[in-house]
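The following exercises are intended for a first-year student who has the sequence and the structure at hand. Each task is followed by a solution that proceeds step by step.

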2 protein chains.
Amino acid sequence: MTETTMAREIAEQPAAISRTLDALLPLRSTVAALAARRRHVLFVARGSSDNAAIYGRYLIEVFARRPAGLAAPSVATHYGATLDLSDAVVVCVSQSGETQEIVETLDWAKRCGARTIAVTNGDKSALAVAADVALVTQAGREYAVPATKSYTTQLAAMAVLAGALAGDETALDADLDRVPAEVERLVDSRAGVDEAVERLAESAETLVSGRGIVFGTALETALKLEETCLRPVRGLSYADLRHGPIAVVDADHAAVLVSAADGPMVEGMTDLADDLRARGVAATIGIGGDARFAGACDVAVTGPELPELVAPLALVTPAQLVVEALARRLGLDPDAPRGLSKITQTDPVDAEGDR
Amino acid sequence: MTETTMAREIAEQPAAISRTLDALLPLRSTVAALAARRRHVLFVARGSSDNAAIYGRYLIEVFARRPAGLAAPSVATHYGATLDLSDAVVVCVSQSGETQEIVETLDWAKRCGARTIAVTNGDKSALAVAADVALVTQAGREYAVPATKSYTTQLAAMAVLAGALAGDETALDADLDRVPAEVERLVDSRAGVDEAVERLAESAETLVSGRGIVFGTALETALKLEETCLRPVRGLSYADLRHGPIAVVDADHAAVLVSAADGPMVEGMTDLADDLRARGVAATIGIGGDARFAGACDVAVTGPELPELVAPLALVTPAQLVVEALARRLGLDPDAPRGLSKITQTDPVDAEGDR
């Protein structure tokens, strides 16, 4: 079997994350100065970058203890509402740095008084040039359409950003240092990956759930499964799932549950695995978690031995391995899923009028 | 055929919305005083209430021109992160006012320095009692499990809130006055509803899309279709759909597109209808929009003749009619969907530990 480009880029992540941390950690004091006396952090992103921003949002609130949120770009691009953002740092996340909607929203944020940060893999991109500070990820060029190393290097940038905004900027450093080796270990072991692929291949419906710090990881897993394996997949937070849609889950469903190895969410995710099994789902596939969580799932895919706050940087690795292998298992090309291109635009770029 | 409770409660909405506006419009000056010199508005909600909050968020930003966002409740309930919310008004939305997670998050917000507003149908509920100001909706008791009048009265409360926070608090009043009659007209006409039901009954997969001010309406339509008709449904913003998942849409899918009759989103939604038809979806079902939008969809379900800013209060009516009729068409009881109860709890209420 010829290795796919996506598989090669998954394996390049330890080096890409190391390079990114080396490049960005020295910028923390610049970021801290930019954010001084500004209370709010607002993320602007779409797609995989939005899933990275969701991690950033939780990390900023839970670790750096500043209010953070996700912008609705159409407020800027379609409604042209002028808001007072003089108390905000606006963080725009885009792999290419060329997604027009995100660049437009950054320009709008500046006009509204915000300080702006770009998180992008495009060092000379429109986004990098326009922002007050550019955190340029060092993924290198990514050839496969599904984002892997460009996504995890965005997560590394989020951890750097959170450190810069926290009182104790180096508190995460020792754990971040361990990330590349953990990703490498997971790429090599593939424990549980093939069994997860078989169970997913057999199920008509897939849902993915997670909560809190790893919620973005669950959404990224859902998005990648959907886009790369071309099946409809729902990504739901544990809480939103419990709040109602769990009623729809039945024997047609495989459930992918994503959990860190520690933290306040593992117990609830374990109970969710028990509950879904009792509801007769086709399979519960656990990614990560602790031993009890793994035991509660039908298939246990090994996750990283990292504390919850930095776990997302490596917890997505086994999910990526599952997606890549499932696409092949289904006879699809993981490197070039139908209907996707590398620089995504929300609206046709040459559209007229006010869209 | 005996009328279902859900159908009766859909028809009660004109009176419920009128009562709610009468009760809440006089509270605008109280809300304005509470929010004076506070810049940010933060919503806390789950499920249908969260969909109402999404409308509230757009309306506060687009109409009242204040930064607004959606809280991540687990930051309060699971991570116990203390944030500086001395610049924020926190709006907690819960039909019952007894959802423990939402009440806990309100208490947390107060400790973080926020002023708090409850939007609830429970006038003596824990949420109403704990908040600085309670906007008590006048839906009356709702017996069917799927929220209809309790949801639209929450939307009315959002419009009142936005008015209170805007410079010109009465600017929406003339349009709000017209809402009850529009809802009544739509309940009576049912134009396009039965055809939409037939097309949805025939399709294996359903997705729902909308954008901006009516995005919450699209998510509420998706949630109701899923919970009441017990089928997996994905609700996606126009922008997120375009950004990738549109690649998965095929002949197994029916697409429900939700649009106001005017505003900056109609043109893009019309193009989306054209695009989805070109991709060979089983059916495009348009709810609302203008004549061009209706013409671009396979089935046109009539929406309200109201400007975009207040359209959600009546645009959900035809969606509710479709959900109620589709449940019956599928042999289900719309009044008591499997596995749902009226007061929703995110976590088991008697759970121990830190969940």
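**Exercise 1.** Which residue in β4(A) is the bridge partner of A:Val90?

*Solution.* The model used throughout is a predicted one.

Step 1. Begin with the pairing of the strands: β3(A) and β4(A) are joined in the parallel sense by six bridges.

Step 2. Within this pairing, A:Val90 has A:Thr116 as its bridge partner in β4(A).

Step 3. Turn to the pairing of β3(A) with β1(A), where the two strands run parallel and five bridges join them. Here A:Val90 of β3(A) is the bridge partner of A:Leu42.

Step 4. As background, strands of a sheet pair through backbone hydrogen bonds, in either a parallel or an antiparallel manner.

**Exercise 2.** Determine how many residues of β3(A) are buried, and assign them to the two faces of the strand.

*Solution.* Step 1. The count is seven buried residues out of seven, and the strand is thus described as mostly covered.

Step 2. One face carries A:Ala88, A:Val90, A:Cys92 and A:Ser94, and the other carries A:Val89, A:Val91 and A:Val93. Every one of these residues is buried, and both faces are covered.

**Exercise 3.** Test whether the length of helix α6 of chain A agrees with a rise of 1.5 Å a residue, and state what its buried residues pack against.

*Solution.* Step 1. The helix covers residues 100-111, which are twelve residues, and the expected span is 16 Å.

Step 2. The C-alpha atoms at its ends are 17 Å apart, which agrees with the expectation.

Step 3. The buried residues of α6(A) are A:Glu101, A:Ile102, A:Val103, A:Thr105, A:Leu106, A:Trp108 and A:Ala109.

Step 4. In chain A, these residues pack against β1, α5, β3, β4 and α7, and they also pack against α12 (238-242) of chain B.

Step 5. After the helix comes A:Gly113, with a positive phi near 100 degrees.

**Exercise 4.** Repeat the length test for helix α11 of chain A, and decide how far the helix is enclosed.

*Solution.* Step 1. For the 15 residues at 215-229, the expected span is 21 Å. The end C-alpha atoms are 21 Å apart, which agrees.

Step 2. Of the 15 residues of α11(A), 15 are buried, so the helix is largely enclosed by the rest of the structure.

Step 3. A:Leu230 follows α11(A), and its phi is positive, near 55 degrees.

**Exercise 5.** In what order do the five strands of the open sheet of chain A stand, and which strands are at its edges?

*Solution.* Step 1. The order is β7-β6-β8-β9-β10 in chain A, with parallel pairing.

Step 2. The edge strands are β7 (233-237) and β10 (299-301) of chain A; each has a single partner strand, so one side of each is left without a neighbour in the sheet.

Step 3. From one strand to the next, the twist averages 20 degrees.

Step 4. Five bridges pair β6 (residues 205-210) of chain A with β7(A) in the parallel sense. In this pairing, A:Leu207 has A:Arg234 in β7(A) as its bridge partner.

Step 5. Helix α15 (residues 312-329) of chain A packs on the sheet and touches β8, β9 and β10 of chain A. The direction of α15 makes about 140 degrees with that of β9(A).

**Exercise 6.** Describe the interface of chain B and chain A by its contacts, its buried area and its salt bridges.

*Solution.* Step 1. In contact are 68 residues of chain B and 67 residues of chain A.

Step 2. The two chains bury about 5800 Å² between them, and 54% of this area is on carbon and sulfur atoms.

Step 3. Nine salt bridges are found across the interface. A:Asp240 forms a salt bridge with B:Arg46, with the closest N and O atoms 3.3 Å apart.

**Exercise 7.** What parts of chain B does the salt bridge of B:Arg39 and B:Asp87 tie together?

*Solution.* Step 1. The closest N and O atoms of B:Arg39 and B:Asp87 are 3.4 Å apart.

Step 2. B:Arg39 lies in the loop between α3 and β1 of chain B, and B:Asp87 lies in the loop between α5 and β3 of chain B, so the pair ties together parts 48 residues apart in sequence.

Step 3. B:Arg39 counts as partly exposed at 25% relative accessibility, whereas B:Asp87 is buried at 6%.

Conventions. Residues numbered from 1 in each chain as written. Chains lettered and ligands numbered in written order. Predicted model: local features only at pLDDT ≥ 70, side-chain atom pairs only at ≥ 80, totals over all residues. Heavy atoms only, no water. Helix = DSSP H or I, 4+ residues; strand = E, 2+ residues; numbered from the N terminus. Expected span 1.5 Å × (residues − 1). Buried < 20%, exposed > 50% of the residue type's maximum accessible area, 1.4 Å probe, protein only. Contact = heavy atoms within 4.5 Å. Buried area = accessible area lost by both parts, 1.4 Å probe. Salt bridge = Lys/Arg side-chain N within 4 Å of Asp/Glu carboxyl O. Pairing = 2+ DSSP bridges. Axes fitted to C-alpha atoms, helices over the stretch in contact; angles between N-to-C directions.
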